[in-house]
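Work through the exercises below with the sequence and the structure at hand. Each task is followed by a solution in steps.

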Amino acid sequence: MHAYLKALPKCEHHIHIEGALMPSLLFDLASRNNITLPIEDVAYTSEEALLDRYNRFTSLDDFLGYYYTAMAVLQHENDFEALAWSYFKKAHEDGVVHAEVFFDPQAHLERGVSVATVIAGLTAGRTRAEKELNMSTMLICCYLRHLPQSAALELFDSSDLQAAITAKEIDGVGLDSSETPFPPELFKDVYAKSKSAGLRLTAHAGEEGPASNIATSLFVLGVERIDHGIRLADDPKLMMKVARAGTMLSICPLSNVRLRCVKSVKELPIPKFLETGVKFSINSDDPAYFGGFILDNYCAVHDEFNLSPQQWESIALAGINGSWCSSARKSEMLQLLEVARKALPS
Ligand code: HPA
Ligand code: ZN
């Protein structure tokens, strides 16, 4: 089944590009860019020590500390291109045919790296992936919820972001970082402005926070997709509503275990979602930090729930239909899915 899962044409909808920064590239860029990582933290003494620390996150906030610290090494356009390319190459090996990639411009702006630099590097990586790997890719700008909405509005209004929107280098917006203290409704205005600019809308909700954050994201922010959303199962009425509306969740199993949102993959409401008809895709979130890329997440789910090839096909299909690419690209991916289905040993 693992070979079949690899061969399935996969769409990734929940990958933070900064979360694909493997310790090897992190140390390499730190040395190239003369960046000193925090010497008081023994985790930064070697790749092994860092990976070991990544194995012991206690919460979303504990992870976010390492995630934001590591970004210090990303300084130049080339660094962002190298990061994006390293992710696209690995995703392609795992059978990803379409990737919608998050990035956190505010975390780079705070360090004096312009939005134009970040987007130029990521766009170069995307162009290469589209040409050399035949992957389709999109870019989703995330607002950081631990910063005030005024900062998100300032980013939205900035000439760099407006230029990227006009150039169609950005396809949508998302909302990430610490969820519990910063509910979705705080970002109502910036979501309304983003929608008026023609951007697609998604938001992290129901990861560490309650199901009510899923409802507010849908009905106050007006998102068309929910990132994580595992707490949806706590509210059966809302779950039925989401199922009926066909709204897709982008689930990240290994992330949820590493960040202690669940004790193990077994606790994830995947069978319940399949039963109720809630659409979802399976994703890696921050693969450098959570012990696996997308295929590892597919395999972990399979090893726990032993899904049938038909169930896997329905998951891959939901991922294609829930993508934000053109219908022509969706048709190509549907054909790839048909090829994978025919190759399945009976
Ligand atoms: N949740 C919230 N914020 C994030 C995440 C996540 O899983 N990854 C990167 N920023
Ligand atoms: Zn995420």
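**Exercise 1.** Which residue in strand 3 does V101 stand opposite?

Solution. The model is a predicted one. Begin with the two strands: strand 2 covers residues 96-103 and strand 3 covers residues 136-144. They pair in the parallel sense, over six bridges. Within this pairing, V101 stands opposite L139. A second facing pair is A99 with T137 of strand 3.

**Exercise 2.** Place strand 3 in its sheet. In what order do the eight strands of the open sheet run?

Solution. Step one is the order, which is 1-2-3-4-5-6-7-8, with parallel pairing. Step two is to find the edges: strand 1 (10-16) and strand 8 (279-282) each pair on one side only. Step three is the turn between neighbouring strands, which averages 25 degrees when direction is ignored. Step four returns to strand 3, which also pairs with strand 4 (residues 172-176) in the parallel sense, over five bridges. In that pairing C141 stands opposite V173 of strand 4.

**Exercise 3.** Is Y143 buried or exposed?

Solution. First locate the residue: Y143 is found in strand 3. Next count its surroundings. A residue is buried if 20 or more other C-beta atoms lie within 10 Å of its own. Y143 has 25 other C-beta atoms within 10 Å, so Y143 is buried. Leaving aside neighbours within four places in sequence, its contacts are A152, V173, L175, F187 and V190. The C-alpha atoms of Y143 and Y191 are 9.6 Å apart, with their positions 48 residues apart along the chain. Finally, look at the strand as a whole: eight of the nine residues of strand 3 are buried, so strand 3 is largely enclosed by the rest of the structure.

**Exercise 4.** Carry out the count for A203. How many C-beta neighbours does A203 have inside 10 Å?

Solution. A203 lies in strand 5 (residues 200-205). The count is 29, and therefore A203 is buried. Apart from neighbours within four places in sequence, A203 has contacts that include G174, L175, P184 and S217. I226 is also one of its contacts, and the C-alpha atoms of A203 and I226 are separated by 5.6 Å.

**Exercise 5.** Describe the helix packing. At what angle do the axes of helix 5 and helix 7 cross?

Solution. Two packed helices are described by the angle between their axes and the distance between the axes. Helix 5 spans residues 77-93 and helix 7 spans residues 115-132; their axes cross at roughly 35 degrees and come within 7 Å. The crossing is right-handed. On helix 5 the contact residues include F80, A84, W85 and F88, and on helix 7 they include V118, L122 and R126. By class, the residues of this contact are nine nonpolar, four polar and five charged.

Now relate helices to the sheet. Helix 7 packs on the sheet and touches strand 2 and strand 3, its direction making about 155 degrees with that of strand 3. Helix 16 (residues 309-321) lies across strand 1, strand 7 (248-251) and strand 8, and runs at about 95 degrees to strand 8.

**Exercise 6.** Which residues surround ligand 1?

Solution. The surrounding residues are H16, G19, L60, Y67, D176, S177, H204, E207, S255, D285 and D286. Sorting this shell by class gives two nonpolar, five polar and four charged residues.

Technical notes. Residues numbered from 1 in each chain as written. Chains lettered and ligands numbered in written order. Predicted model: local features only at pLDDT ≥ 70, side-chain atom pairs only at ≥ 80, totals over all residues. Near = placed C-beta within 6 Å. Nonpolar A, V, L, I, M, F, W, Y, C, P; charged D, E, K, R; others polar. Axes fitted to C-alpha atoms, helices over the stretch in contact; angles between N-to-C directions. Helix = DSSP H or I, 4+ residues; strand = E, 2+ residues; numbered from the N terminus. Left-handed = near helix turned anticlockwise from the far one by under 90°. Contact = placed C-beta atoms within 7 Å. Pairing = 2+ DSSP bridges. Buried ≥ 20, exposed ≤ 12 C-beta atoms within 10 Å, placed from the backbone.
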